[in-house]
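Q: Please take a close look at a single strand of this model, with the strands that pair with it and the turns that connect them.

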Amino acid sequence: MSEHTGALSAKDAVTGFFTALRGRGIDAALEFVADDAVFVAVLGDAFRKYLPLYGSYRGKSGARDFLTSLSANFDTREFVTKHVISEGNHVALWGRFHHRIRSTGRDFVSDWALICEVETGMIRHYQFYEDTAALEAAFELPSRQAVT
């Protein structure tokens with residue numbers, strides 16, 4: 001853990017996480033993640049049968065697994081944060097991204113939103129929202145309605 005994260009505001013912790021992830025990689029980003037953090041990737045665990053990226057990831061090891069999976073599956077072409085709002089221990093961000101799916105070569109473009117809860121300069125809860133229909137189409141998955 002970085003010796004400076006405890007002094008960070010919630011907004012600085014979350015923006016620091018993304019700056020570290022882009023510039024220095026997963027290990028640097030994990031310096032902003034609490035040991036008992038929960039990362040929720042779009043849909044709950046019940047949806048992991050459709051796409052391994054879905055679900056909850058717990059602790060720093062779970063956050064590492066989540067970030068590693070993103071890197072393995074997405075070739076990020078653009079990730080833009082349009083707005084950041086912070087109040088107390090909560091931070092909301094939103095923007096737009098463009099990924100190319102490595103396994104299919106298809107583009108995945110979506111608006112996104114992220115809600116984080118931060119405690120003592122560390123991200124404790126991270127919940128991401130995106131266009132899941134576009135994600136599943138980019139992975140060339142069958143419709144969830146067709147397989148349920």
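A: In this predicted model, strands β4 and β5 form a hairpin with five residues between them, and within that turn Gly105 has a positive phi of about 75°. The pairing of β4 with β5 (residues 107-119) is antiparallel and extends over eleven bridges; in β5, Asp111 is the bridge partner of Arg96.

The other hairpin to consider is that of β3 and β4, which has two residues between the strands, and here Gly88 takes a positive phi near 60°. Strand β3 (residues 74-87) runs antiparallel to β4 and is joined to it by twelve bridges, with Val80 standing opposite Arg96 of β4. Arg96 therefore has a partner in each of the two strands, Val80 in β3 and Asp111 in β5.

The faces of β4 itself can be described next. In a regular strand the side chains alternate between the two faces of the sheet. Strand β4 (residues 90-101) has a covered face made up of Val91, Leu93, Gly95, Phe97, His99 and Ile101, whereas His90, Ala92, Trp94, Arg96, His98 and Arg100 belong to the uncovered one. Arg96, the residue that stands opposite Val80 and is bridged to Asp111, is thus listed on the uncovered face of β4, while Gly95 and Phe97 are listed on the covered face.

Terms used:
Residues numbered from 1 in each chain as written. Predicted model: local features only at pLDDT ≥ 70, side-chain atom pairs only at ≥ 80, totals over all residues. Heavy atoms only, no water. Buried < 20%, exposed > 50% of the residue type's maximum accessible area, 1.4 Å probe, protein only. Helix = DSSP H or I, 4+ residues; strand = E, 2+ residues; numbered from the N terminus. Pairing = 2+ DSSP bridges.
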